Amino acid sequence: MSKQLVLMDCDGGVDDYLATMLLMTMERVECLGVVVTPADCYAHAAVSATRKILDFMGCDRVPVAASTVRGINPFPRLYRRDSLIVDCLPILNQQDTICTPLVEQTGQEFTIHTLLNAPEPVTLMVTGPLTTIAVALDTAPEIEAKIQRLVWMGGALNVPGNVEKSIEPGQDGSAEWNAYWDAMAVDRVWQTQIPIVMCPLDLTNNVPVTAAIVRQMGKQRHYHLSDLVGQCYALVIPQDYYFWDVLATAYLAHPEFYQLREWETTIITTGASQGRTKIQPGGRKVQVMERVDREIFYEYILQQWQR
């Protein structure tokens, strides 16, 4: 069976690193590169940490590209500082040099180049905002034909968003952060014919990172990858944290874990609800991850990180 071609686009949060790690363990996936969109991170640290993680996993042939796009609503500094911490973890700093290449192209240029030169249509695995993809589409509309599908962790349909009113005054709490960072970009992608599979908060809210599962990771820390994964999750365990990006990424390897439902949707781009992914009859059709076998998912990720 041929491998599915995947281009990863993440934004440097803890769960983005973990999703990247999971992707690298998938035997039936060929990752064409990792683009870092400067959203839930400090860009230099996130690019550096991503390259160190790929080195650590023996995946130093996978190129990394730094996107230079900018969003409308920045992530809070408190969220973004995790990229600095991960970049400084001792387990990732045992070597003096980084082997994983950082390409000279910007992330948006690299996206265009990679898609146009791929031998077959590519799956976009996006765990952050859609801005890099939107800019690439505006620059080279012909890449749309080279995108097999977009799998995106983002949005909230029938549950509240996670953009808190206390952090973003004037917002009504309906938006999810990846959409809120740049709602115009989401709307741009929604205007295409690209098949979209969403992993929204409706699903991720039901798959939390618990102290129990972190302890299970600790029991297998003799595996180097499990050790790194456990350290990353230990950083976030004091807060309400979910398997956002990891849950979305696991879909690539095991879609049978999930139940999908088609919804007709629209994107609110202005006002108190900007960034809301709203159900609207006659709107853009997307496939939405509605349910997952949580226990099988937990078993799967623990197994994949035993290396």
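Residues 24 or more positions apart account for 83% of the contacts in this chain with a separation of 6 or more. Please keep in mind that the model before you is predicted. The chain contains 13 helices and 10 strands. Its radius of gyration is 18 Å, close to the 19 Å that the globule rule gives for 307 residues, so the chain is as compact as a globular protein of that length. The C-alpha trace spans about 50 × 40 × 40 Å along its principal axes. Of the 307 residues, 58% count as buried.

Let me now turn to pairs of helices. Two packed helices are described by the angle between their axes and the distance between the axes. I shall give both values for each pair.

The first pair to discuss is α1 and α2. Helix α1 covers residues 14-24, and helix α2 covers residues 43-56. Their axes come within 11 Å and cross at roughly 25°. Angles under 35 degrees count as roughly parallel, and α1 and α2 are therefore roughly parallel to each other. The crossing of α1 past α2 is right-handed. Which residues of α1 and α2 meet? From α1 come Tyr17, Thr20, Met21 and Met24, and from α2 come Ala45, Ala46, Ala49, Thr50, Ile53 and Leu54. By class, this contact of α1 with α2 has 8 nonpolar and 2 polar residues, and no charged residues. An α-helix has 3.6 residues a turn, so residues three or four places apart point the same way. With that in mind, you may wish to find Tyr17, Thr20, Met21 and Met24 of α1 on the structure, where they meet α2.

One residue of this contact deserves a further word, namely Thr20, which lies in α1. Is Thr20 buried or exposed? Its relative accessibility is 4%, and the cut-off for buried is under 20%, so Thr20 counts as buried. Leaving aside its neighbours within four places in sequence, Thr20 is in contact with Met8, Cys10, Val34 and Leu54. Thr20 and Thr50 stand 30 residues apart in sequence, yet their C-alpha atoms are 8.2 Å apart in space.

The next pair is α6, residues 131-139, and α8, residues 183-190. These helices pack at an angle of about 55°, with their axes 8 Å apart. The two helices are therefore oblique to each other. Their crossing is left-handed. On the α6 side, the contact is made by Thr131, Ile133, Ala134, Leu137 and Asp138, and on the α8 side by Ala185, Arg188 and Val189. What classes do these residues fall into? The contact of α6 with α8 has 5 nonpolar residues, 1 polar residue and 2 charged residues.

I come next to helix α13, which runs over residues 294-304. Phe297, Tyr298, Tyr300, Ile301, Leu302 and Gln304 of this helix are buried. Where do the buried residues of α13 pack? Their partners among the helices are α1, α10 (211-219), α11 (224-236) and α12 (244-253). They also pack against the strands β8 (258-267) and β10 (284-292). Helix α1, already described for its contact with α2, thus returns here as a partner of α13.

Finally, consider Ala234, which lies in helix α11. With a relative accessible area of 44%, Ala234 is partly exposed. Ala234 and Asn178 are 56 residues apart in sequence, and their C-alpha atoms are 23 Å apart in space.

Conventions: Residues numbered from 1 in each chain as written. Predicted model: local features only at pLDDT ≥ 70, side-chain atom pairs only at ≥ 80, totals over all residues. Heavy atoms only, no water. Axes fitted to C-alpha atoms, helices over the stretch in contact; angles between N-to-C directions. Helix = DSSP H or I, 4+ residues; strand = E, 2+ residues; numbered from the N terminus. Parallel < 35°, antiparallel > 145°, perpendicular 65-115°, else oblique. Left-handed = near helix turned anticlockwise from the far one by under 90°. Contact = heavy atoms within 4.5 Å. Nonpolar A, V, L, I, M, F, W, Y, C, P; charged D, E, K, R; others polar. Rg over C-alpha atoms; globule rule 2.2 N^0.38 Å. Buried < 20%, exposed > 50% of the residue type's maximum accessible area, 1.4 Å probe, protein only.
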